[in-house]
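Q: I would like to learn how to read the features of a protein model. Could we go through them in turn?

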Amino acid sequence: MSDLSAVKAALKSQVIETPTWGYGNSGTRFKVFAQPGVPRDPFEKLEDAAQVNTFTGVAPKVSLHIPWDKVEDYSALTRHAEDLGLRIGAINSNVFQDDDFKLGSVTHPDPKVRRKATGHLLECVDIMDETGSPDLKLWFSDGTNYPGQDDIVARQDRLTEALAEVYERLGDDQRMLLEYKLFEPAFYTTDVPDWGTAYAHCLNLGPKAQVVVDTGHHAPGTNIEFIVAFLLRAGKLGAFDFNSRFYADDDLMVGAADPFQLFRIMHEVVKNSGMKPGTNVNFMLDQCHNIEAKIPAVIRSVANVQEATAKALLIDMDALTAAQQSGDVLAANGVLMDAYNTDVRPLLAEVREELGLARDPFVAYLASGYQERIAATRVGGEQAGWGA
């Protein structure tokens, strides 16, 4: 895309969803580090998310996680979001933090436990109805640690049965987004370990089921952009969970470990119409900020996605196609590298200025005084977090 006005228009229309859990306390399996000003309930989480949207202009959607964000009145929570200029994004289920799920949730050998897990997923669809959320996001920690622990095929049958029941409960304008993860917490088999497994289940379910690509959930060296291109071609890429991994975890800021990989992914997204509204690909941050300040980290993460997107939009597609068709390997690679090596920060500053925003959202937020205000006023009560 060489037309600068078209590049700017695409950047202005980009939407990046932020997660409520990114604003709460989090940590490793060893320790959760509390920070001053952390939200104490979902309403305060939305207030922090609104700051990110205020300063970036591209983050109006917020994911909820149930039961972490459970409230008595979801209509009130939805109104609060709307008053802040936000809307509720995906509803994320949680079938991995209950004692009953030690041996699995929807794939557990005990039908009573499976019923409990499926009931939670159906509850999440009810919450979608109440909040206007379009997406149910499913990630299963289900798997086994030892050979012989359970029947691999039987677990796939149980998973299929649960997914089908939940799929039938979805409304006409609602989707099921199925996430996969190579391993952890199960280390011998994981019931949804890769994109192929998720894709097969989604194909079996129908058009309202699509795959979530979490950038941190692959084996080292996996070509994630190939997966993205394949799923876009098949019409089965529903969403991203953007983050980074350095070894075997996935909750670091997007673009931290390999910004070139993020650029390559966004190139496939742009080239294969993944940013067009009709494609309906949801771009979301799935990150926990353990040692860095929450809101500034989310703002920086949004900016990292914007920078990768801007570079992808600047690729000279005519030159790239010509080089590819002529078999000129070095020229084709050079077209990509020219775009990647472009400093797009001045372009993004112009885009923000044209939107009536500060040129640097990170600096503007720090100067706003909001961080100091919440540290001073959010005293008492129990801070939100997932515990460890």
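Q: Which strands make up the closed barrel, and with what pairing?
A: Strands of a sheet pair through backbone hydrogen bonds, either parallel or antiparallel. In this predicted model, eight strands form a closed barrel in the order S1-S2-S3-S4-S6-S8-S9-S10, and the pairing is parallel. On average, neighbouring strands of this sheet are turned by 30° against each other, direction ignored.

Q: How many bridges join S6 and S8, and in what sense do these strands pair?
A: Strand S6, residues 175-179, pairs with strand S8, residues 209-214, in the parallel sense over four bridges. One residue pair to look up is Leu177 with its bridge partner in S8, Gln210.

Q: What pairs with S6 through Lys137?
A: Strand S4, residues 135-138, and S6 also pair in the parallel sense, over four bridges. The bridge partner of Lys137 in S6 is Leu177. Leu177 therefore serves as a useful residue to find on screen, with Lys137 as a bridge partner and Gln210 in S8 as another.

Q: Which way do the side chains of S6 point?
A: In a regular strand the side chains alternate between the two faces of the sheet. In S6, Arg175, Leu177 and Glu179 point one way, while Met176 and Leu178 point the other way.

Q: Are the residues of S6 buried or exposed?
A: A residue counts as buried when its relative accessible area is under 20%. Five of the five residues of S6 are buried, so the strand is largely enclosed by the rest of the structure. Burial thus includes the charged residues Arg175 and Glu179.

Q: Which helix packs on the sheet and touches S6 and S8?
A: Helix H6, residues 195-205, packs there, and its direction makes about 160° with that of S8.

Q: Which residues of H6 are buried, and what covers them?
A: The buried residues of H6 are Thr197, Ala198, Tyr199, His201, Cys202 and Leu205. Their cover includes helix H5 (152-169), S6, S8 and helix H7 (224-234).

Q: What follows H6?
A: Gly206 follows H6, and its phi is positive, near 135°.

Q: Turning to helix pairs, at what angle do H1 and H12 pack?
A: Helix H1 (residues 4-13) and helix H12 (residues 345-354) pack at about 65°, and their axes are 10 Å apart. That angle makes H1 roughly perpendicular to H12. The crossing of the two helices is right-handed.

Q: Which residues make the contact of H1 with H12?
A: From H1 come Leu4, Val7, Lys8, Leu11 and Lys12, and from H12 come Leu347, Leu348, Glu350, Val351 and Glu354. Sorted by class, the contact has six nonpolar, no polar and four charged residues.

Q: At what angle do H2 and H9 pack?
A: Helix H2 (residues 42-56) and helix H9 (residues 294-313) pack at about 40°, with axes 10 Å apart. That makes H2 oblique to H9. The crossing of H2 and H9 is right-handed.

Q: Which residues meet between H2 and H9?
A: Asp48, Gln51, Val52, Phe55 and Thr56 of H2 meet Ile295, Val298, Ile299, Val302 and Gln306 of H9. The residues of this contact divide into six nonpolar, three polar and one charged.

Q: Where is Gln14, and is it buried or exposed?
A: Gln14 sits in the loop between H1 and strand S1 (16-19). Its relative accessibility is 4%, so Gln14 counts as buried. Leaving aside neighbours within four places in sequence, Gln14 is in contact with Val58, Met266, Met275, Val305, Gln306 and Thr309. Gln306 has also appeared among the residues of H9 that meet H2.

Q: What does Leu336 contact?
A: Leu336 is in helix H11, residues 329-340. At 22% relative accessibility, Leu336 counts as partly exposed. With neighbours within four places in sequence left aside, its contacts are Phe263, His267, Ile315 and Leu320.

Q: How far apart are Leu336 and Val351 in sequence and in space?
A: Leu336 and Val351 are 15 residues apart in sequence and 23 Å apart in space, C-alpha to C-alpha.

Q: What can be said of Ser5?
A: Ser5 lies in helix H1, and at 49% relative accessibility Ser5 counts as partly exposed. Ser5 and Val213 are 208 residues apart in sequence and 30 Å apart in space, C-alpha to C-alpha.

Technical notes
Residues are numbered from 1 along each chain as its sequence is written. This is a predicted model: local features need pLDDT of at least 70, side-chain atom pairs count only at pLDDT 80 or more; totals for chains, interfaces and linings use all residues. Side-chain values use heavy atoms; hydrogens and water are left out. Axes are lines fitted to C-alpha atoms, for helices over the stretch in contact, and angles run from 0 to 180 degrees between N-to-C directions. Angles under 35 degrees count as roughly parallel, over 145 as roughly antiparallel, 65 to 115 as roughly perpendicular and the rest as oblique. A crossing is left-handed if the near helix is turned anticlockwise from the far one by less than a right angle, and right-handed if clockwise. Contact means heavy atoms within 4.5 Å. Buried means under 20% relative accessible area, exposed over 50%, partly exposed in between (1.4 Å probe, protein chains only). Two strands pair if DSSP finds at least two bridges between them.
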